[in-house]
Each structure stands twice: as structure tokens, then as C-alpha cells.
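I sat down with this model to look up a few things, going from one loop to the core and then to the charged pairs. Here are my notes, in the order I made them.

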Amino acid sequence: MTTQTPKPNQSFSPLDLPSIETGKKLTGAERDAFAKRVVAAYRTPDRKVTIRDICETTNRSYGAIHSLLSEAGATKRGRRPAVASESVAP
């Protein structure tokens, strides 16, 4: 049985998104490919992946991910509803 070791500087998360080096600017085809993967992760029907989850995974800012989703035309979900606490009768 052989095992493969991941390539250096290319770590993937459970969301199957790459972690981008801090300060690295993505342009052109690289940015387009990254945007497609981010949109796919955000639109996963059985999982509620948040923008913040994607930010943590990819090492990108909230604004950067939000912009990618907006440019791609992805419909963003609203905030999660507040969890109602059980009311206690006096």
C-alpha cells in the first residue's frame, strides 16, 4: 500500500478549497478557477457553508470572498435566524 504526501504550499480542507498564501494576489485564470471553487463550496445543497467558513479555509478576507461571490452572481443567503430560547413559565 502506498501513501501520497501532499505537495508543499498546497493544503486542502474538508471544503476542498486551497489555502492561499497571505498577501498573494490572484489574477486571470487562477482567480477564475478559485472563484468557481468558492462558489461551488458556497452553493453545496446539503451543507450550509458560510462565507466565514470559506474565509478561514482559504486564508482570504470576508470582503474578498464576498466580492468573488457577488461577481459570480451567486445568491447569498441571509443571516441565520436567532435561536429562540425556551420560555420559562413563572
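**Entry 1: the loop before helix 3**

I started at Asn59, which sits in the loop between helix 2 and helix 3. Helices here are DSSP runs of H or I with at least four residues, strands are runs of E with at least two, and both are numbered from the N terminus. Before going further, I noted that this is a predicted model, in which local features need pLDDT of at least 70 and side-chain atom pairs count only at pLDDT 80 or more, while totals for chains, interfaces and linings use all residues. I also noted that residues are numbered from 1 along each chain as its sequence is written, and that side-chain values use heavy atoms, with hydrogens and water left out.

I looked up the backbone of Asn59 and found a positive phi, near 65 degrees, in a residue other than glycine. Asn59 is partly exposed, at 36% relative accessible area. My cut-offs are under 20% for buried and over 50% for exposed, with partly exposed in between (1.4 Å probe, protein chains only).

**Entry 2: Arg60**

Next I moved to Arg60, in the loop between helix 2 (51-58) and helix 3 (62-71). What is the nearest side chain of opposite charge to Arg60? I found Glu30, 7.9 Å away, so by the definition used here (a side-chain nitrogen of Lys or Arg within 4 Å of a carboxyl oxygen of Asp or Glu) there is no salt bridge. Arg60 is nevertheless buried. For charge, Lys and Arg count as positive and Asp and Glu as negative, while His and the chain ends are not counted.

I then checked the polar atoms of the Arg60 side chain, and one of them lies 2.3 Å from the backbone oxygen of Lys24. For contacts (heavy atoms within 4.5 Å), I set aside residues up to four places away in sequence. Arg60 then touches Ile20, Glu21, Gly23, Lys24, Lys25, Leu26, Phe34, Cys55 and Ile65.

**Entry 3: helix 3 and the core**

I went on to helix 3, where Ile65, Leu68 and Leu69 are buried. They lie on the same side of helix 3, because they cover an arc of only 95 degrees around the axis; the arc is taken from the directions from the helix axis to the C-beta atoms. The buried residues of helix 3 pack against helix 1 (28-42) and helix 2. After helix 3 comes Gly73, with a positive phi near 80 degrees.

Which residues have the most contacts inside the largest nonpolar core? I wrote down Phe34, Val38, Ile54, Ile65 and Leu69, in a core of 18 residues. Such a core is a set of buried Ala, Val, Leu, Ile, Met, Phe, Trp, Tyr and Cys residues joined through side-chain atoms within 4.5 Å. Helix 1, helix 2 and helix 3 are the elements that give two or more residues to this core, and helix 1 gives the most, with 6 residues. I picked Val38 for a closer look: beyond its neighbours within four places in sequence, Val38 is in contact with Leu17, Ile54, Ile65, Leu68 and Leu69.

**Entry 4: the salt bridges**

How many salt bridges does a search of the whole structure find? I got 3.

Asp16 forms one with Arg37, with the closest N and O atoms 3.6 Å apart. This pair links distant parts of the chain, as Asp16 is in the segment before helix 1 and Arg37 is in helix 1, 21 residues apart. Asp16 is partly exposed at 46% relative accessibility, and Arg37 is partly exposed at 31%. I also looked at Arg37 and Leu15, which are 22 residues apart along the chain, and their C-alpha atoms are separated by 9.5 Å.

Glu30, met earlier beside my Arg60 notes, has a salt bridge with Lys24 (3.0 Å, N to O). Glu30 is partly exposed at 40%, and Lys24 is partly exposed at 36%.

Arg31 and Glu71 form a salt bridge, the closest N and O atoms being 2.8 Å apart. Arg31 lies in helix 1 and Glu71 in helix 3, so this pair ties together parts that are 40 residues apart in sequence. Arg31 is partly exposed at 26%, whereas Glu71 is exposed at 56%.

**Entry 5: the whole chain**

Last, I stepped back: the chain has 3 helices and 0 strands, running α-α-α from the N terminus on. Buried residues make up 26% of its 90 residues. Among contacts between residues at least 6 apart in sequence, 62% join residues at least 24 apart.

How values were computed. A polar contact is a pair of N or O atoms within 3.5 Å; within protein, one must be able to donate a hydrogen and the other to accept it, and residues adjacent in sequence count only if both atoms are side-chain atoms.
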